[in-house]
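Grab a coffee and work through these exercises with the model open beside you. Try each task before reading its solution.

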Amino acid sequence: MSGAMGGGVALSSLGFNLGPTRAYADELNKMNRIRMARQSTTICCYCSCGCGLVCSTDKGTGKIINIEGDADHPINEGALCAKGAGFFQMTEANEHRLRKVLYRGPGGDKWEEKDWEWALPRMARLIKDTRDKNFIKENAKGELVNRCEAIGHYGSSNVDNEECWLITTVARALGVVYMDHQARVCHSPSVGALAESFGRGSMTNHYIDMQNADVILIMGSNMAENHPMGFRWVTKAQERGAKVIHVDPRYTRTSARCDFHVPLRSGTDIAFLGGMINYIIENQKYFKEYVLNYTHASFIVDESFYFKDGLFSGYDADKRKYNKDTWVYEYDASGIPRRDMTLQHPRSVFQLMREHYSRYTLDKVSGITGVSKDNLLKVYEIYSATGVPDKAGTECYALGWTQHTVGVENIRAMTLVQMLLGNVGIAGGGINAMRGEPNVQGSTDHAILYHILPGYLKTPSASLDTLEKYLTKYTPVSKDPKSANYYSNYPKFMVSLLKAWFDKAATRENDFGYTWLPKMDDGKHYSTMHMFDRMYEGKIKGFFCIGADNAVSTPNASKVRKGLEKLDWLIGENIFDNETYQFWRAPGVDTKNIKTEVFLLPASASMEKEGSISNSGRWVQWKEKACDGPDQCIPVGEIEIKIMQAVKDLYAKEGGVHPEPILNLYWNYLDKDGHFSATKTAQRINGVFLEDTVIEDKAKGTKTEFKKGQLVPGFGNLQADGKTACGNWCISGSYTADGINKMKSRGKEDPTGLGLFPNWSYAWPVGRRILYNRCSVDLNGKPYNPQRNLLEWKDGKWIGDVPDGPWPPMAEKEGKYPFIMQRDGLGAIFGQGMADGPFPEHYEPLEGPLTKNPMSGQLINPAIEIFKSDRDKIERASKKFPYVITTYSCTEHWCSGALTRWQSWLLEAQPEQYIEMSDVLAKEKSIKNGERVKVSSVRGSVTAVAMVTQRLKPFTIEGKTVHQVGMPFNYGWLFPKDTKDDTTNFLTPTVGCANTFCPEYKAFMVNIEKA
Ligand code: SF4
């Protein structure tokens, strides 16, 4: 380095430009400093690819001096997208980071700096008073409900698993039922659809596995821009000869890298996929052996079931709900579903499906979707060619499928395609739900959601007032000896969860504390949209908003902001300020009239704390701590512990309403220095023996002894008698009994050559990398595709991936069906649990360009909920709002932009709100590229820069020209300050999927004018 500098001085005196030499010296200096620094590994905190990064921390100052991609990480192999590459700007080097506790008093017009000692007792007082004053012991029917509807809770998929678990724990102990997080508005339909069809709600395969596919259908996603490091594996498959198809309204960077792009009108995916199902069946492209043996295709449906003119049997028009009593199978005398193995029975699932989709002709589908018949045939032919044993087709989707009134059914339609083609449970196959946020998989596993408890156990409802009633309802029973029916272990999972929460206080005599939990009213929903509807009515008094920005991200944002104005208090936890925390000084708001007390608590960023996060492929990866958070910043886990401890102290001192779940809550998650211990929390989640326990395995003839305090080695060891505590049975097994944290594993071995990396991190369940992998073998356990040998039954044992259930293959005496989480053990083509029909059916979006549904007399999904407050805020096919709009994200921003808009490197690349439109529409409207335009819907308006492209083209729908436009959802008013931007969600409707209430962000109607 001194040589370079010396040379530079000499050259300088001769008048040469020293810039490059100095830059070289700087680089050498930096490398030297990095060499002297302490390295730690972390995981990117944006999308769900779960890329690895290495942080270098100056040993002297304790500050991070560099962050770069982790070359050892099997997913990103050192590469990063724009957001990952800008990770350094999340550290305290960013001047916009929150550093102090901030408080805004009633009527105040600015933040005041406070400290934890001041804020904690004040927050605890407000929480307790609100809870005590508004607590509901019994509902209108006199049923015990023990809940508090006056406190709402939102977020977060952007914190670590251990923090998520503490959040869900705090909310349940307080009695909160209006509780949700980002999964609701992004991937809740994935869980609804995939769990219905296969038994679990997760991505079936994982990112690296995409390299094993022969055909990749990307539909409902702009993967190259939104999951860039996952997309690397798509391009690797392409290099090996795979065909990659992109079906999307816009031509994007994903389209540019695919073999071909097919544009389709937003909101018509079921029509497109219905046509594909019809094509597969009529052209006998399905994998018959698979369909027959591994799915419900042969089951006989009750004769009272029917479908007529867009409605299934059992519809109640007044309630907009189905009675599903006729959506059932016939059973034989021994209680096993009747089957027709010829698939010819007219009421077999297969024949009903065939009849249903025979209506989806090429003409019909082309007229609805705007896709030419040639393009339809091209996709159908290429994709259905994977319906043979030695080919694999995979599907990658994201919000383009979930954010619709038919979100669950979009995905369900693809599950039908994949089951017909035998593409589930195989390497290079499956349905890849690419989650948006870094830990939306984990935050869903840990159930920061109103309708489930950790591990996808159901939230108790009012009619289930005892644990016995609850367990009887939710523990499935199968009479079929071939069905593993793994959820028959429900009591072990539930009792262990209650013990994790209430420990010694949970006894058999008090139903293990079950009655202390809040209970929902039967049939009532408490989702994000319901929560903000209630807030808008002024019935929610206090609100926790953790790592989220609802004022930007939630549909019908003006309604959301009006709701926030009615709160008594709001507690925010985040690393940057945002539009939700500052709702009181949003444009047009008179802060003097707003009584809300607002607490904004400074949190540590992702690399400033240790803990685990789960990527979409269910890899639970441990992050090391690189440094402390700046100033008063502490991890969200610590904030939760401190708030709850302050509340506990108040109840202990003063008493109060329904104190049991608060006072009895096991709350020992601090380390010896009084800080949040992610390790202690992770071990509680994994599970621990509370007593000395002997576990007998009758099949193996073994007995194993475990000591009190020893960690549970896996969920197979959990007990229903209170001897084990386990915070989330799905994750049980992430530690060994000896306390080794498998989430930290960094083994790079790949024995199958399929990119499973079994020793890298921990994949739930049980380390399994590809779910339902017993479908990859025939009835005797021989791989269908020996070239991609995922699993094989050899010499009486399974070899390859961790088998999805240890039992032998189906043909063996003790063999079991492959979908072990399904009561009947098989893939469910006929969706008995769906709110809007057992077969996906095309309905038009709530707001769309057509006045008639070409498929039936039912224009819109008959089972969606339309909120009272929004009924006059719907306008379809009108001259006033003639254009279809869809919303999306870009590589440089993340979700509402609440983190990325504060980062100059990213903001420089994507500085402000825009609306993309076709050159045809722009010409019609005399709008020039770069001009500012006003975009309005019946709910509100927003301005944006016009981006005129040929990437969007007008569609011909039912013979008429329909224009589609698109806007990103990454902008708000608070920052950057030099634009006139605000959220796209002023335009979106408060309506969502009939099954999971994921909002419709992807298809509604707007107008465009010059601003
Ligand atoms: S945003 Fe996603 S793709 Fe980009 S670096 Fe982070 S995890 Fe990887």
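**Exercise 1. Work out the strand order of the sheet that holds β23, β24 and β29, and find what packs on it.**

Step 1: The order is β23-β24-β29, an open sheet of three strands with antiparallel pairing. Strands here are DSSP runs of E with at least two residues, helices are runs of H or I with at least four, and both are numbered from the N terminus. Two strands count as paired if DSSP finds at least two bridges between them.

Step 2: Look for strands that pair on one side only, and you land on the edges, β23 (611-614) and β29 (762-763).

Step 3: Helix α5 (residues 161-174) packs on this sheet and touches β23 and β24. Its direction makes about 90° with that of β23. Contact means heavy atoms within 4.5 Å; axes are lines fitted to C-alpha atoms, for helices over the stretch in contact, with angles from 0 to 180 degrees between N-to-C directions.

Step 4: Now check the β24 side: β24 (residues 619-623) runs antiparallel to β29, over two bridges. Trp-619 has Ala-763 in β29 as its bridge partner.

Before you go on, a word on the model. It is a predicted one, where local features need pLDDT of at least 70 and side-chain atom pairs count only at pLDDT 80 or more, while totals for chains, interfaces and linings use all residues. Residues are numbered from 1 along each chain as its sequence is written, and side-chain values use heavy atoms, with hydrogens and water left out.

**Exercise 2. Follow the chain on from β29 and pick out the unusual backbone in the loop between β29 and β30.**

Step 1: Go to Pro-765, which sits in that loop. The bond joining Trp-764 to Pro-765 is a cis peptide, with omega about -5°.

Step 2: Val-766 is in the loop between β29 and β30 too. Its phi is near 55°, a positive value in a residue other than glycine.

Step 3: Carry on into the hairpin, where β30 (residues 791-794) and β31 (residues 797-800) pair in the antiparallel sense over four bridges. Trp-793 stands opposite Trp-798 in β31. Two residues lie between the strands, and Asp-795 takes a positive phi near 50°.

**Exercise 3. Describe the sheet made of β1, β2 and β3.**

Step 1: It's an open sheet in the order β1-β2-β3, with antiparallel pairing. The edge strands are β1 (38-43) and β3 (64-69).

Step 2: Ignoring direction, neighbouring strands are turned by 25° against each other on average.

Step 3: β2 (residues 52-57) and β3 run antiparallel, joined by five bridges. One pair to click on is Ser-56 and its bridge partner in β3, Asn-66.

**Exercise 4. Which residues surround the ligand, and how do they divide by class?**

Step 1: List the shell, where a residue counts if one of its heavy atoms lies within 4 Å of the molecule. Among its members are Cys-44, Tyr-46, Cys-47, Cys-49, Cys-51, Cys-81, Lys-83 and Met-229.

Step 2: Two or more shell residues come from each of α3 (82-85) and α9 (228-239).

Step 3: The shell divides into nine nonpolar, two polar and one charged. Ala, Val, Leu, Ile, Met, Phe, Trp, Tyr, Cys and Pro count as nonpolar, Asp, Glu, Lys and Arg as charged, and the others, Gly among them, as polar.

**Exercise 5. Profile the second largest pocket and the second largest cavity.**

Step 1: Get the terms straight. On a 1 Å grid over the protein atoms alone, a cavity is a set of points where a 1.4 Å probe fits but cannot get out, whereas a pocket is an open set with protein on both sides within 12 Å along at least five of seven lines; lining residues have an atom within 4 Å of a point. Grid points are joined across faces, edges and corners, and volume is the space filled by probe spheres set on the points.

Step 2: The pocket holds about 300 Å³. Its 18 lining residues include Lys-625, Asp-628, Pro-635, Glu-638 and His-675, which lie nearest the centre. The lining has five nonpolar, three polar and 10 charged residues.

Step 3: The cavity holds about 190 Å³. Of its 20 lining residues, Asn-158, Val-159, Ile-575, Ser-604 and Lys-609 are closest to the centre. By class, that lining has 11 nonpolar, six polar and three charged residues.
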